[in-house]
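Open the model in your viewer and keep the selection panel at hand. The tour moves from one selection to the next.

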Amino acid sequence: MKKRQDKSKTDGGISLLLSIIVVFCILGAVVFSVARKISTEMSASAIQNLSESLDLIECTIEAVLNKEAEFQRLMAQEIAMWEDPEEYICTFQKSQTMVKISLVRAGETAGISNTDGPFSGEALDFSAGGMVDGLPVSQSYTNYMGTWAYTMKCPVVKDGAEIATLYIEYVYDTLDRALPGGFYNKRAMLYIMDAESRRMVLKPKGMGERSAGHLNLEDFFRANDITDEGLREEVDKSIRDGKNIMFNHDIRGKNSLIYMWSVNEGTLYLIGYVPVEAIQQEGNTVNQNIFIVVAVMLVAFFLCCVLYYFNQRQQNKIRKEREQEREIHNRQLAEALQAAQIASNSKTTFLSNMSHDIRTPMNAVIGFTTLLARDAENPDKVREYTKKIMASGQHLLSLINDILDVSKIESGKVVLTVEEFTLNDLVSSVDAIVRPMAVAREQKFHVEVTGIKHEYLLGDETRINQILINLLSNAVKYTQEKGNIWFRMIGMKQRSPQYERIRIEVQDDGYGMTPEYLDIIFDAFTRAENSTTNKVQGTGLGMAITKNIVELMGGTIDVSSEVDKGTLFRVELELRIPEGQANRRFWAENKISRILAVGNDEEACENIHVLMKEVGVETDMVCSADKAVQALKENDGEYYQLLLVDWNVADMEGIDKVKELQETAPDTMPVFFLADCDAGLDETILSGHTKVLAKPFFVSAFQEKILEIRAEKDKGHTRDEAAVNSLEGLHFLAAEDNEINAEILREILSIEGADCEIVENGQLAVERFMRAAEKEFDAILMDVQMPVMNGYHATRAIRALDRRDAATIPIIAMTANAFAEDEKEALDAGMNVHLAKPIDVELLKKVISQYVSGKE
Amino acid sequence: MDMRKNHKEKVAATCLAGLAALVLTACSGGLPEDNVMTFEKESERIVTLFSPMEKTKPDVDNVARSASEKTVVMAEEKLGVTVDYITYTAEDYQDKTYDDIALDRARNDMDDLYLLNPDVIQKLAGEGKLMDLSGLDSAKNLRDVVKAANIVDGRLVAIPQEVVAYGLFVNKDLFDKYHLALPETPEEFLECCRVFQENGIETPVGANRWWLETFVLAQAYAELYNGGNTEAEIAALNSGEKKYSDYMRPGFEFLQEMIDRGYIDAGKAYVSEAIDGEGADFLAQKTPIVMAYWGAANTPTAYGNPDFNMLVIGFPSSMGQMPVMPMTGIAVGVNALHAEDAMRTLDIMVSDEALQVYAETNKVISPSKNVAVDCIPALKPLNDRINENVFVLGSNASMKLEQWGNTCIIVRMLLSGSTVDECMAEFDRLQAETLEH
């Protein structure tokens, strides 16, 4: 079909082209004919013009000759009246026209002339019979002046008898003066030829082309390459007959018109030539103009064609682009439809999963609640059931948290809370959470930190924590028992001195993923489904949340995995380095400027060196206990302020070596063993000055341990945390609209030995507080979403009250609005702290103990 | 995309606008608004130059003429004058010669500038018909020998555009064919002619009625001009102490012998114009030797394009090959109608700048001491002799008896049957005339 369309297009183009060619051929033929007609007419006109010019010249010459003859007759009449004609002749001076005047008396052969003495008419040749106005004219000759001349003779008649003959010599130069300086823009040549002798008696005065053929007719023919015998004979005959002739001939490559114009009945001839282009100048101009017009029209036409062509091309291009756009749109629509369908399917699947995942713990809660009701009398059963109900509830809570996270991230409502944190805390907290999980599954959990230059960084620690927990809990989940989990934190080369670039790697040797699943791993509502992983509970939202958070932080995440070989997640983040690291001061204040580190892991040693240098502490590295002993001995007791020993040294060289080292160190010198959490340390070596520092090495952790030693040294007593956090004897005002929640709260507090008064909304809470005596309530527990007046307004109202404790009474938000923004809003409203529901009793106790004053 | 489209449209619009402007401009020349048209009469400053023209062949440029024309154009451009050429060429030997016409025209003050042969220069200068050119700037650049040859009664009467040197044009191929060395002396020359004749070349020397005198002059004055006593010998001739006929006799006897042996066809030579008579046979390699002037070797209408190895050598003499150098020149008529412009025109035509152009175009020896150009290989033998300062002057204004014209006429007497003695008697008569004046 398309081919046929193309073919018809081509045919159309060819026929259009042919039509244009035909139109142009017709136009060309018309222009050519018109030009030719004009040329022919102009040529005829030019020839007519030329012949008229020649006629004019002929008439001029004949007029001069006739006047000469007439004047000569008058002179003859005058002479006849003189008694001594010779005397009369001698009185004449030579003039420009009559260069010699001679008189020969009748019957004599010699006479006199006005120029020199004797004159004989016999030297002159009148045999040709040429006449001018009835007077015989001689053949042309070169005269005494070296120029061409002719003589006319006139009888001097007195009383009817011829008494003498008057000879007057004229020069052709006279005729030259009567002729135009040149015609046809001086491109026409003009000779005067004596017809009898065929000699050129007057020649053009110039150069160039006129250098040829000036001698006689033969020379003229030869110079102008006129060799056609027939033509020459015809010319010869015409000259003999005294006819005017004109013919075309090429002279020096130019088509010329040669003319021979009879003067004075053929005794003289005007001979010459003119290039045809010179006489057809007007015709040529007209033709040139016609061609210019045609050319301009053609150029304009072609320009129009070009414009039309470009326009068409542009149109086609736009059409094509539109078609392409349409196609892209269609494709996008199809893709969107497909995506929507997939999303819909995913959500259906998700809902189905959720339904399943929520129902399962709910089933457990309801089931165990039923069992609880039945076995309420049996404390062991009750404890067991409540434990299981608690676990199911926790699981449900995590499910809900994940769903909310995804929803918030997708709607762009997540705000990062950037604060200073230490990598030590981050790693410690992650380690604390993940290690038990790994241990439970008998997996080995390796933590490695290398190349980190700055430990204190700015970032959202909670979210980074979330990322790591997500990745690591997945690794634990999707790795078989006794497998390995690696958690690496690698300092990369900085792109900017203000940012620490960190790569976090989470690797396992677990089940791995299929390439298909890798493609959608970061999409929400997906979960690897197979017989192995079905046992694993989850929302399928973790990775989507992780990716979104990483990207929110301007980082990248990628994953590589192979089924049954394991998975590697790589997260790269750039975290700002806080200005002015305060902990530098700590080391200076504690007078620690140089430490000795013993270890055989070069990378770890380098890491320590870098980190310590950052806080202004020099680290001398030795690779064995012996060398460390030697170093300690070589330097006095004050040289090193601390000794840091990698526990690997003990593993490699034996505990005795370590003990020797410990003994060598001065008694006051604190010794730290850097060991894995699960390393079995010999308790005998631990003393007041010897502490264990968990791997990986962090300055902040190091610092804490030093503080610990100092604290022990100061023998400061540590408060019993449990006692501190006790709620015993406290009295709370609680605003809670949900009866069940209110009940739970009351029960929990009563278990802890506290009591509480519950009101149903914020308004009632404000009113109750107004009525209350000072210090009647230790704190107010405030729900946020309540009828009549919400928690925020209530808090503001309380804080605005005009009583002394209105500004100081702790108000604790207890709400299901669990996000950072909610927390911020709560604090803005004047609340002291924000706790998310469901209530974690321990956390509540800790917070209350922190804010409630006077409890001690 | 849009930018590009706009660009194309702009280009197309500009083209159309340009086209329209072009057409409108081209067609804008209309009729003058004023109905009465006036025409200024052109007033031309004319200088007339009388010079010869040879009979011409179609589509052939005369090199010498072209060279001269370049200098004329130079003068026309610098002075704003127009040089009108007046020419004369004799149809045959019965016609008046160019020299006759030149004499007539100069005596009747017909023209302003004249290109003259040395004898005519001497005659007209003697009659006081030529202007003194020694005041021209260009005269200062002339070689001494050129000046000397054109000074009559202390007046510089003509200045040439080239130093004309005559020599023998020989067909080297034919000399080689018959194992002949190029002749140095009259005896060797006769021997060459004998060998040629024996080998079927009946008339080894092609001649015309003008240039046979060069043989005579070469033999007559070889020792006078190259013997180191030139001025004294000329003084002796001018005073009558020595006779021209004594110098001339060997040359005439030599010519007579040539004629007698049939090496020269005297009858044909007597009626032949220069090159016209003998040129065709020489070019056809029927005649191995002709005589001509330097420029003929450069001129396509003369011997410029031979089909054989041509060399130009000096004439045989007792002192070896001898170039003969008559001095033609351009003169200004004393009563010239446009004398002032004529003098200025000549000054430019013979300036160093013009002579450089002339010499380069025509490959000739320049009369200016400041101008030198290379010659063609054929002319090298002749040029070498001239560079060695070995030559005979064909005309010398310091000799009271005009040489170039008179010798030519007396050689014609020999050609027409007079004896050597009669010819010598004519020299004696002419010398006697000079002594009488």
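**Stop 1: a strand pair**

Select strand E3 of chain B, residues 113–116, together with E11(B): the two pair in the antiparallel sense over 4 bridges. Keep in mind that this is a predicted model. Now pick Leu116(B). Opposite this residue stands Gly329(B), in E11(B).

**Stop 2: the whole sheet**

Widen the selection to the sheet around this pair. It is an open sheet of 4 strands in chain B, in the order E2-E1-E3-E11. The pairing is mixed. Which strands stand at the edges? They are E2 (82–88) and E11 (329–332) of chain B. Each has a single partner strand, so one side of each is left without a neighbour in the sheet. Look at the twist next. On average, neighbouring strands of this sheet are turned by 25° against each other, direction ignored.

**Stop 3: the helix across the sheet**

Add helix H13 of chain B, residues 339–349. This helix lies across E1 (46–52), E2, E3 and E11 of chain B. Against E11(B), H13 runs at about 160°.

**Stop 4: Glu69(B)**

Go to helix H2 of chain B, residues 63–79, and pick out Glu69(B) there. Is Glu69(B) buried or exposed? It counts as buried, because it has 20 C-beta neighbours inside 10 Å, and 20 is where the buried class begins. Then draw a distance from Glu69(B) to Met349(B). The C-alpha atoms are 9.4 Å apart, while the two residues are 280 apart in sequence.

**Stop 5: two helices side by side**

Select helix H3 (residues 98–107) and helix H4 (residues 118–126), both of chain B. Their axes come within 10 Å and cross at roughly 25°. That makes H3(B) roughly parallel to H4(B), since angles under 35 degrees fall in that class. The crossing of H3(B) and H4(B) is right-handed.

Show the side chains at the contact:

- From H3(B): Asp99(B), Ala102(B), Leu103(B) and Ala106(B).
- From H4(B): Asp119(B), Val120(B), Lys123(B) and Leu124(B).

Colour the contact of H3(B) with H4(B) by residue class. You get 5 nonpolar residues, 3 charged and no polar.

**Last stop: all of chain B**

Zoom out. Chain B holds 17 helices and 12 strands. Of its 437 residues, 49% are buried. How do the contacts in chain B spread along the sequence? Among those between residues at least 6 apart, 78% join residues at least 24 apart.

Key: Residues are numbered from 1 along each chain as its sequence is written. Chains are lettered from A and ligands numbered from 1 in the order in which they are written. This is a predicted model: local features need pLDDT of at least 70, side-chain atom pairs count only at pLDDT 80 or more; totals for chains, interfaces and linings use all residues. Two strands pair if DSSP finds at least two bridges between them. Axes are lines fitted to C-alpha atoms, for helices over the stretch in contact, and angles run from 0 to 180 degrees between N-to-C directions. Two residues are in contact if their C-beta atoms, placed from the backbone, lie within 7 Å. A residue is buried if 20 or more other C-beta atoms lie within 10 Å of its own, exposed if 12 or fewer, and partly exposed in between; C-beta atoms are placed from the backbone. Angles under 35 degrees count as roughly parallel, over 145 as roughly antiparallel, 65 to 115 as roughly perpendicular and the rest as oblique. A crossing is left-handed if the near helix is turned anticlockwise from the far one by less than a right angle, and right-handed if clockwise. Ala, Val, Leu, Ile, Met, Phe, Trp, Tyr, Cys and Pro count as nonpolar, Asp, Glu, Lys and Arg as charged, and the others, Gly among them, as polar.
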